[in-house]
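Reader: I would like to learn how to read the features of a protein model one at a time. Could you take me through them slowly, giving the general idea before the case at hand?

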Amino acid sequence: MKRFLLKGIVFFVLLLIIAVFLNFRFKHTVHPNDYYRFQYEEIIHRTVNADNVIIGTSHATHGINPEILSETGTSFFNFALNGANPKFYLLWYKNIFKPYYKRPKCVIIAVEWFFFDSKWLSRLYEQDSEYFPQSVFINNYYFGGKEFNKSILINNRYPLLKYLKSPRKLFHYDARPFLISKYKNGYIPYQKTKRRIKEFYPINVNVDESQQKNFEQLIDILKNDGIKIIFINPPAYNTNVERYKNVPIYAYYERLAAKYHIPFINYNLERRSFINSNKLYYSDGGHLNYLGSCEFSKLLMEDFKKILK
């Protein structure tokens, strides 16, 4: 019996050592190129401590360069994340951003015609639990009730559980075309080496009404906090403006903007430019490359100056 217990203890200790090693290994191979982590570190440590922030989808993550916008004389940080939807930002703002970051003067929200389609944008708040402060994680897990998926919270809290299904990461494997060397204040270029640029147009999407409610709730909270909001629709590669006219979701944004007195700049319609029809500015039909993001950020900077006036 004693021998059996001893073997069990030795086996458990070996498993523990292997788990600790793998957790350490995953953490130190993935983190150096993990720009999601940088977004959360800015919130917790407030290195830039930006006056204005940007949120939205990957089109904003890789398309808006806050360093260029800061030439307006006020600081910016790009907190947009790939696949992020209104529910993500509602939980992110209430649980992470608002308690830890200073209240921004302005939030630029990059809205899209697919913003309320959960198939297009499926990022969950719980997926980022690895980056949460300990107090936030504990509060979400033990006191969050049904608002949070506890299984996803746990599975994404520790690198071993989070990346075990991607063993290639142990060997520094990262095929994403993101230029980490050019990461700056939340912005990171999306640069494909083999580019296949197709025109990017609105198609029939599923509008999740719960996502619309989450979005309006987020707007209410931001307005109640005294934060100025600007809606923008980032440019995509398209040459036929007619296909962007009469998009129902744009009419919804217009109504919402009118209700809350929010400026709405649509860079695929009223504010189209040379960027929309030049393939040199894109990594694919929807995402600007480094050159395109710089040109668009200059355009956005000028419009931001006008709004401030």
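Reader: How many salt bridges does the count come to here?

Author: The general idea is that side chains of opposite charge can pair when their charged atoms come close. In this structure, which is a predicted model, the count comes to 9 salt bridges. One of them joins Lys 102 and Asp 51, whose closest N and O atoms are 2.8 Å apart. That pair links distant parts of the chain, since Lys 102 sits in the loop between H5 and strand S3 (106-110) while Asp 51 sits in the loop between H2 and S1, 51 residues apart.

Reader: Is Asp 51 buried or exposed?

Author: Asp 51 is buried, with a relative accessible area of 18%, because buried means under 20%. Its partner Lys 102, at 23%, is partly exposed.

Reader: Which parts of the chain does the salt bridge between Lys 94 and Glu 147 tie together?

Author: The side chains of Lys 94 and Glu 147 meet at 3.8 Å, N to O. Lys 94 lies in helix H5 and Glu 147 in the loop between H6 and helix H7 (150-155), so this salt bridge ties together parts that are 53 residues apart in sequence. Lys 94 is partly exposed at 34% relative accessible area, and Glu 147 is partly exposed at 38%.

Reader: Where do Glu 295 and Lys 298 lie?

Author: Both residues belong to helix H11 (residues 290-308), where they are 3 residues apart, about one turn of the helix. They form a salt bridge in which the closest N and O atoms are 3.9 Å apart, and Lys 298 counts as partly exposed, with 42% relative accessibility.

Reader: I should now like to turn to the backbone. What is the phi of Arg 46, and what is the phi of Asn 49?

Author: As a general rule, most residues other than glycine have a negative phi. Here Arg 46 has a phi near 50°, which is a positive value in a residue other than glycine, and Asn 49 likewise has a positive phi, near 55°. Arg 46 is found in the loop between helix H2 (35-45) and strand S1 (52-55), and Asn 49 is also in the loop between H2 and S1. Arg 46 counts as partly exposed at 33% relative accessibility, and Asn 49 is partly exposed at 25%.

Reader: Which residues line the largest cavity?

Author: To read a cavity, one can ask about its volume, then its lining, and then the character of that lining. The largest cavity holds about 40 Å³ of space, and its lining is made up of Val 53, Ile 55, Trp 92, Tyr 93, Phe 97, Val 107, Leu 218 and Leu 222. S1, helix H5 (86-100) and helix H9 (209-224) each supply at least two of these residues, with H5 giving the most, 3 residues. The lining divides into 8 nonpolar residues, no polar and no charged.

Reader: How do the residues lining the second largest pocket divide?

Author: They divide into 8 nonpolar, 2 polar and no charged. The lining includes Trp 113, Pro 202, Asn 204 and Asn 246, and the second largest pocket has a volume of about 160 Å³.

Reader: Which residues form a nonpolar patch on the surface?

Author: Ile 138, Tyr 142 and Phe 143 form such a patch, and together they have about 370 Å² of accessible area. Ile 138 is found in helix H6 (residues 134-143) and is partly exposed, with a relative accessible area of 33%.

Technical notes. Residues numbered from 1 in each chain as written. Predicted model: local features only at pLDDT ≥ 70, side-chain atom pairs only at ≥ 80, totals over all residues. Heavy atoms only, no water. Patch = residues over 30% accessible without salt bridge, like charges linked within 9 Å, V, L, I, M, F, W, Y side chains within 5 Å. Areas by Shrake-Rupley, 256 points an atom, 1.4 Å probe, with all protein chains shown as cover. Salt bridge = Lys/Arg side-chain N within 4 Å of Asp/Glu carboxyl O. Helix = DSSP H or I, 4+ residues; strand = E, 2+ residues; numbered from the N terminus. Buried < 20%, exposed > 50% of the residue type's maximum accessible area, 1.4 Å probe, protein only. 1 Å grid on protein atoms, 1.4 Å probe; cavity = no way out; pocket = protein on both sides within 12 Å on 5 of 7 lines; lining within 4 Å. Points joined across faces, edges and corners; volume = space filled by probe spheres on them. Nonpolar A, V, L, I, M, F, W, Y, C, P; charged D, E, K, R; others polar.
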